[in-house]
Amino acid sequence: MFTGGFPSDFHHWKLWNSSCRAAGGAAYCATFFKGRTEAGEAGTKDNMARIVPLNRVRNIGIMAHIDAGKTTTSERILYYSGKVHKIGEVHDGATQLDWMVQERERGITITSAATSFSWRDHQVSLIDTPGHVDFTAEVERSLRVLDGAVALYCAVGGVEPQSETVWRQSEKYGVPKIAFVNKMDRTGAEFFRVYAEMKQHLDANAVPMVIPIGAEEKFEGVVDLVKMCAVRFDEESQGQKMIEGPIPAELVEEAKKWRHNLIEKAAEQDDSLLEKYLNGTELTNEEVMAAVRKATIARKIVPLFCGSAFKNKGVQIILNAVVDYLPSPVDIPPVICAIEKEANSRMADDKAPFCGMAFKIMSDKHMGKLTYVRIYSGTLKQGEAVYNITRDRTQRAGRVLRMHANKQEPLEEAYAGEIVALVGLGETKTGDTLCNEDHPIHLLAIDFPAPVVSISIKPDTQADNEKLSESLHRLADEDPTFTVGFDHETSETIISGMGELHLEIIVDRLKREFGVAAQVGRPEVAYRETCTATVEQEGKHIKQSGGRGQYGHVRIRIEPAAKGAGFTFVDEVVGGRIPQNFIPSVEKGIVKAMVSGPYAGYPVVDVTVALYDGSYHDVDSSDIAFQEAGRVAFKQGFLRAAPLLLEPIMDVEVVTPEDFMGGATGSLAQRRGRIEMMETKGNSKIIRAKVPLGEMFGYANTIRTLSQGRAAFSMEFEHYEAVPFSQAEEIVKKRRAENKVR
């Protein structure tokens, strides 16, 4: 049976076509050659390697809160498309896309996995993203390069905190979406409640394309509001066979109501259809679908579907919706140069100059470093040189691979609109732009959140010290939210990430993948320092020891800046009081002092420093002298500028049975939490609170104990906030004592 792609010659196509028909049409492509002829490619010999025309390519991701069923849905998609012949289950640790040992042990997605398959004569690239907030970088980089997304919601949990986070990420990159309410078979499932929550919490113009037939254990299928028929899924064939029939009598009026809503929403997007609709003329199914597609691509509506991936109900409808409503690379605006002074853009076209973005780095024990690239324009052949405009380096793509999770399929050439992995780009980092050197373009990079939790780490044996350092830097290459640093005061290696689980996975990977056993310290909060007053400060660095001395003298003004402004350096020197070539040296010295702040040794943020005066010596002044003068002036001045310690505040959601609600709210209050909302959802109580990260370590065990293991919680970084004075003094005192002992 030929599956997972389109055969290149006609003899194999006939066999593949008949086998797909026998499989129930899962990857049926009877119009393959017809489509190529329509696109003008059937008779073009040099284009025969392209699987399908560009307008039949879909690049999609699945995004959701943790435990909404992303991986289960992805596994069903692979099965129904013929990519795999056995359904992989998360609870069995047998999934295709959750291939890492850590993912299978924990039953969660940790790293985004890419694959591709065929559906209805379309080539679909799919990225399954994590739902846990600690791995939000995987969602961020995936959405940056995708053309469309499937937003998944649990029919019981509805719109949850991470649902809102990934929705905001997709809106930032302008990604069109369809939505799928999963787990309709679970107790407490309510399709229309989730629909209402999407409108309320996400401000999404959700438009039901189906309504459920039953719910919970009575969930049977859906009513298709376009065709106005009931669709059920044959359980004997694991849901492969969809059975269309009349709408149940008790749902006819409900179906008419939501059909009317669909027609209204579709007609609003097209003036000619609206006029036809207002004149009382019935719109055809094709007209409705075309209008919904147009509005979806324009992000004016979000088509909404439902089903139960685990029970094999509704997944094929989602696959059809991906093809029918989500955009191809030619349906979205061209990518634009991120540098304002360069008016440059690229359309998705094989004949245009090559342009792509490296959005993910992965270490492979056989291949070495794999660089995942989304090709926006042009083609890329195996062994061809590419120009990394971000780093001004030319590198050679030794191999071009199409990925299926951790498995590779070698390609001779990759085309516009494809997502591939390249071997040989050792100097390329996440977010770099790759292009043709004769036709340069610099794409907008990916913006990642800063890590908030740090721990010290050292190898079990001194012999592994170099191996640990190398392994950590390889992992940091893969994950932009994982950083490695060295504390010179304590002589410790410090690793930082998005949460306890994030760092726990890193340490586990060190042992299993790189063979380095390591000891770790207790997690520490990534505090920040800032100032709240304006001061002026003089700094001098003068040394004379016979021969040429050192002379640097500066006067600076330190001012608080707006929250999130970072660091701003202002040159106000007039009259040549300090030569221009020494002014960058002053800034460099100040930046060095900010890395380990004067107040408690944490990085300084949100300050403006103005250099307004100073003096120099014709012979003794140097770059080093002015660096040191700037460093000294900042350290002394900052301590006079009413320094303030900032701590990361987390948005925490606790889901608990009503019997344990008192204990849950009390435990948050004890941790300096501010309860912001309490609501009922199904049989559970939802508590949302803002809690300092420093108080949340070990909370998983606490909430399990309080609720007899029946409550769960999730959290994500919200913002930085001033630490109360009493706690700040204690933190600073402890930090200084630790540094003194070390």
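This text walks through one sheet, the helices on it, and two other helical regions of a predicted model.

Start with the sheet. It is open, and it has four strands in the order 30-31-33-32. The pairing is mixed. Strand 30 (535-543) and strand 32 (567-571) stand at the edges. Each has a single partner strand, so one side of each is left without a neighbour in the sheet. Neighbouring strands are turned by 25 degrees against each other on average, direction ignored.

Now cross the sheet strand by strand. Strand 30 pairs with strand 31 in the antiparallel sense, over nine bridges. Here lysine 540 has histidine 553 in strand 31 as its bridge partner. Strand 31 then pairs with strand 33, again in the antiparallel sense. This pairing runs over eight bridges. In it, arginine 557 stands opposite alanine 610 of strand 33. Strand 33 (residues 607-615) and strand 32 pair in the parallel sense over five bridges. Look for alanine 610 once more: it is the bridge partner of valine 570.

Two helices lie against these strands. Helix 14 (residues 583-595) packs on the sheet and touches strand 31 (550-560), strand 32 and strand 33. The direction of helix 14 makes about 155 degrees with that of strand 32. Helix 15 (residues 623-640) lies across strand 30, strand 31 and strand 33. Helix 15 runs at about 35 degrees to strand 31.

Next, turn to a pair of helices. Two packed helices are described by the angle between their axes and the distance between the axes. For helix 8 (residues 252-268) and helix 9 (residues 271-278), the angle is about 135 degrees. Their axes are 8 Å apart. Angles over 145 degrees would count as roughly antiparallel, and helix 8 and helix 9 are therefore oblique to each other. Helix 8 brings His260, Ile263, Glu264 and Ala267 to the contact. Helix 9 brings Leu273, Leu274 and Tyr277. These contact residues divide into five nonpolar, one polar and one charged.

Last comes helix 6 (residues 161-172). Helix 6 has 12 residues and reaches 17 Å from its first C-alpha to its last. That is close to the 16 Å expected at 1.5 Å a residue. Is helix 6 enclosed or open to the outside? Nine of its 12 residues are buried, so helix 6 is largely enclosed by the rest of the structure. Among the buried residues are Pro161, Val166 and Trp167, and also Gln162 and Glu164. After helix 6 comes glycine 174, with a positive phi near 65 degrees.

Definitions and conventions. Residues are numbered from 1 along each chain as its sequence is written. This is a predicted model: local features need pLDDT of at least 70, side-chain atom pairs count only at pLDDT 80 or more; totals for chains, interfaces and linings use all residues. Side-chain values use heavy atoms; hydrogens and water are left out. Two strands pair if DSSP finds at least two bridges between them. Axes are lines fitted to C-alpha atoms, for helices over the stretch in contact, and angles run from 0 to 180 degrees between N-to-C directions. Contact means heavy atoms within 4.5 Å. Angles under 35 degrees count as roughly parallel, over 145 as roughly antiparallel, 65 to 115 as roughly perpendicular and the rest as oblique. Ala, Val, Leu, Ile, Met, Phe, Trp, Tyr, Cys and Pro count as nonpolar, Asp, Glu, Lys and Arg as charged, and the others, Gly among them, as polar. The expected span of a helix is 1.5 Å times one less than its number of residues. Buried means under 20% relative accessible area, exposed over 50%, partly exposed in between (1.4 Å probe, protein chains only).
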